[in-house]
Amino acid sequence: MPSTVVLEKKKQQVADLTARLKDSCAGVVVDYKGINVEDDTNLRRELREAGVVYTVVKNSILKRAAEEAGLAIEDSVVEGTTAVATSADDYVAAARILNKYAESHDNFNIKTGYLDGAIIANEEVIALAKLPSRETLLATIASVVVEPIACIARAVGALEEKGGATPVAEEAPAEETAPVEEAPVAEEAPAEEAAPVEEAPAEAPAEETAE
């Protein structure tokens, strides 16, 4: 019968692995028996540099931790030698690196994988492994964002070499219109008094006809 110390140790291992599975966005479970010490060392270093946590686990610990993390793994997964690789924020790294080793080592096999708390088929793990790495994706996104800015910078540089862009002329302040002086109203000249008309003298009486 296991001692209390052993049981407590197993409980802690289950709790640690459960938390790791829950906190990771992706993971892969492998059968590692076909890899030698040198290759295992290189594999661990490559995974570590990619930010992937890789550990050998007991099948009983994995089964219990998977159940507590909500991952319904098959019984065939918890047989033979078992190692778990988990990534906190990279969906591709673990699948890409481990699939590469599985292709070059006959007895190194992928058992299962998961994404965002859901088990995926081995075919999906392999398809995931074929995707570009995170660094490649970020570089692609960066180039898409930077290229338009670079084009604008080149255009501005070309204008400067040709003498610079014509600055927008500031509008000259409108000249103040000089106030129009009203012409003084001419005073009407006083009407000239008409000279009095002299009455013509009455005609002289006709001379009386001589008798």
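**Exercise 1. Strand 1 and its surroundings**

Work out how many residues of strand 1 are buried in this predicted model, and what follows for the strand as a whole.

*Solution.* Start with the residue range: strand 1 covers 26–31. Next, check accessibility, where buried means under 20% relative accessible area. Of the 6 residues of strand 1, 6 are buried, so the strand is largely enclosed by the rest of the structure.

Now sort the residues by direction. In a regular strand, side chains alternate between the two faces of the sheet. Here Ala26, Val28 and Val30 point one way, while Gly27, Val29 and Asp31 point the other way. Both sets are buried, Asp31 included.

**Exercise 2. The partners of strand 1**

Find which way strand 3 and strand 1 run relative to each other, then do the same for strand 4.

*Solution.* Take strand 3 (residues 83–87) to begin with: 5 bridges join it to strand 1, and the two run antiparallel. To place this pairing in the model, look at Val30, whose bridge partner in strand 3 is Ala83.

Then turn to strand 4, which pairs with strand 1 over 6 bridges, again in the antiparallel sense. A handy landmark here is Val28, which stands opposite Gly113 of strand 4.

**Exercise 3. The second largest cavity**

Identify the element that gives the most to the lining of the second largest cavity, and describe the lining by class.

*Solution.* Begin with the space itself, about 30 Å³. Its lining consists of Ala26, Gly27, Val28, Tyr91, Ala94, Ala95, Gly113, Tyr114, Ile120 and Leu128. Strand 1, helix 4 (93–104) and strand 4 each give two or more residues to this lining. Strand 1 gives the most, with 3 residues. Notice that Val28 and Gly113, which stand opposite each other, both belong to this lining.

Finish with the classes: the lining has 8 nonpolar and 2 polar residues, and no charged ones.

**Exercise 4. The largest cavity**

The structure holds 2 cavities of 30 Å³ or more; list the residues that line the largest cavity, and say which elements give two or more of them.

*Solution.* The volume of the largest cavity is about 60 Å³. Around this cavity you will find Leu21, Val29, Leu62, Ala66, Leu71, Ile73, Val77, Thr112, Tyr114 and Ile119. Helix 3 (59–69) and strand 4 (109–115) are the elements giving two or more residues. By class, 9 lining residues are nonpolar and 1 is polar, with no charged residues.

As a last step, compare the two linings: Tyr114 appears in that of the largest cavity and also in that of the second largest.

How values were computed:
Residues numbered from 1 in each chain as written. Predicted model: local features only at pLDDT ≥ 70, side-chain atom pairs only at ≥ 80, totals over all residues. Heavy atoms only, no water. 1 Å grid on protein atoms, 1.4 Å probe; cavity = no way out; pocket = protein on both sides within 12 Å on 5 of 7 lines; lining within 4 Å. Points joined across faces, edges and corners; volume = space filled by probe spheres on them. Helix = DSSP H or I, 4+ residues; strand = E, 2+ residues; numbered from the N terminus. Nonpolar A, V, L, I, M, F, W, Y, C, P; charged D, E, K, R; others polar. Buried < 20%, exposed > 50% of the residue type's maximum accessible area, 1.4 Å probe, protein only. Pairing = 2+ DSSP bridges.
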